[in-house]
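Student: I have a new structure to look at, and I would like to learn how to read it. Could you walk me through its features?
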Amino acid sequence: MKRFDTPTPEQTAAVDAAIKTRHSLRAFLPTPVPRATVEQILEVASWAPSGTNTQPWQVHVLTGAALERVAGRIQAAYLDAEQNAAHKEEYAYYPNEWRSPYIDRRRKVGWDLYGLLGIAKTDKARMQHQHGRNFIFFDAPVGLFFTIDRVMQQGSWLDYGMFLQNVMVAARARGLHTCPQAAFTQFHRLIAEELQLNEEQMLVCGMSLGFADPAAVENSLVTERAPVAEFARFLEE
C-alpha cells in the first residue's frame, strides 16, 4: 500500500487484528526468533512519529547466552531479600495515590491472572515466584531493553510509547507475541552494568518477544477494555 492509498477492507482488518490480538503474554515457547525477523520488527517500529523526528529510542536485543546471563543475574537479585531491597526504580511508573477506576482495573487484572494460576490471595510465595518470571522474560527467546538519553524530556517519552506499540503490533503481524515490562526498572543499575550503558542512558522498560505457549493457562487471560463512550467526548458545536 502506498502512502496516499485508501486501505482495502482486508488491509484494515489485518491492522485491526494485529492491534486487538496483542496481549501481554506471560509464557513463551523456546522456539528461536531469527535475527532478521527482529530487525524487520524494529525497522517497521522506527516509523513511529516523534517530535521533530528526534527518534529517541535505543534498543538492546538479548538472545542466547547473553539473555541467560543477564536474566539470571536479575532474577537472583530479585530473589535475594537483601539485594532486592537495595534496588529501586529510577522513575515512578504508577501514581503515588491510587483512585478509581484505575485501582479497580489494576486489582482486577491481578486477581484474574492469579485466579487462572490458582494462586490464593494469601500465597505470597507463589506471587513472588510468578512476579519473578518477569526477570527471565517468561522464558521468551528474545529479551529487549529500551533506553532513552537523559537529556530528552516528557514529549520524547510520549514518542517512545508509540514506538513500543509499533514494536508489539509489528511482532503480531509476524505471528509473534510480546510482554512489555516496567518491572525491570527496579534493577536499572544492574542492567546498565550488564549492557555497559553510559551514564546518559536511562532504562525505559524491558520486553519479552517470542512465540506464545498456547498450553499455558496464563496466556488465556484477556483484559477488558472500557467502551468508547466511557472515555471519549465528541464536541460538534
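Tutor: Gladly! Let us begin with one idea: a nonpolar core is a set of buried Ala, Val, Leu, Ile, Met, Phe, Trp, Tyr and Cys residues joined through side-chain atoms within 4.5 Å. Keep in mind that this is a predicted model.

Student: Which residues of the largest nonpolar core touch the most other members?

Tutor: They are Phe146, Tyr160, Phe163, Val167 and Leu209, in a core of 25 residues. Two or more core residues come from each of α2 (35–45), β2 (142–149), α7 (154–172) and β4 (201–210). Helix α7 gives the largest share, with 7 residues.

Student: What does Val167 touch, not counting residues up to four places away in sequence?

Tutor: Val167 touches Ile41, Leu42, Ala45, Leu144 and Met207. There is also another core, apart from the largest one, with 23 residues. Ala71, Ile74, Ala140 and Leu203 are among its members.

Student: Let me step back to the whole chain. How many helices and strands does the chain have?

Tutor: The chain has 9 helices and 4 strands. Going along the sequence, you meet them in the pattern α-α-β-α-α-α-α-β-α-β-α-β-α. The radius of gyration is 19 Å and the globule rule gives 18 Å for 237 residues, so the chain is as compact as a globular protein of that length. Its C-alpha trace spans about 55 × 40 × 40 Å along the principal axes.

Student: What share of the residues counts as buried, and what does the surface come to?

Tutor: Here the cut-off for buried is under 20% relative accessible area. By that test, 38% of the 237 residues are buried. The accessible surface is about 14600 Å², and 54% of it belongs to carbon and sulfur atoms.

Student: How far apart in sequence are the residues that contacts join?

Tutor: Take the contacts between residues at least 6 apart in sequence: 83% of them join residues at least 24 apart. Gly143, in strand β2, makes a good example. Leaving aside neighbours within four places, Gly143 is in contact with His60, Val61, Leu62, Leu67, Phe137 and Met207.

Student: Is Gly143 buried or exposed?

Tutor: Gly143 is buried, since its relative accessible area is 0%.

Student: What should I look for in the backbone?

Tutor: The general idea is that most residues other than glycine have a negative phi, and most peptide bonds are trans. You can then look for places that depart from this pattern.

Student: Which peptide bond is cis?

Tutor: The bond from Ser100 to Pro101 is cis, with omega near 10°. You will find Pro101 in the loop between α4 (81–86) and α5 (102–117).

Student: And where is a positive phi found in a residue other than glycine?

Tutor: One case is Phe138, where phi is near 50°. Phe138 sits in the loop between α6 (124–132) and β2. Another case is Gln196, with a positive phi of about 55°. Gln196 belongs to the loop between α8 (188–195) and β4.

Student: Are Phe138 and Gln196 buried or exposed?

Tutor: Phe138 counts as buried because its relative accessibility is 1%. Gln196 has a relative accessible area of 70%, so Gln196 is exposed.

Student: One last thing: how far apart are the mean positions of the positive and negative charges?

Tutor: They are 3 Å apart, taken over 24 positive and 27 negative charges of the chain.

How values were computed:
Residues are numbered from 1 along each chain as its sequence is written. This is a predicted model: local features need pLDDT of at least 70, side-chain atom pairs count only at pLDDT 80 or more; totals for chains, interfaces and linings use all residues. Side-chain values use heavy atoms; hydrogens and water are left out. The radius of gyration is taken over C-alpha atoms; the globule rule is 2.2 Å times the number of residues to the power 0.38. Buried means under 20% relative accessible area, exposed over 50%, partly exposed in between (1.4 Å probe, protein chains only). Contact means heavy atoms within 4.5 Å. Accessible areas come from the Shrake-Rupley method with a 1.4 Å probe; for residues, only the protein chains shown count as cover. Lys and Arg count as positive and Asp and Glu as negative; His and the chain ends are not counted. The place of a charge is taken as NZ of Lys, CZ of Arg, CG of Asp or CD of Glu.
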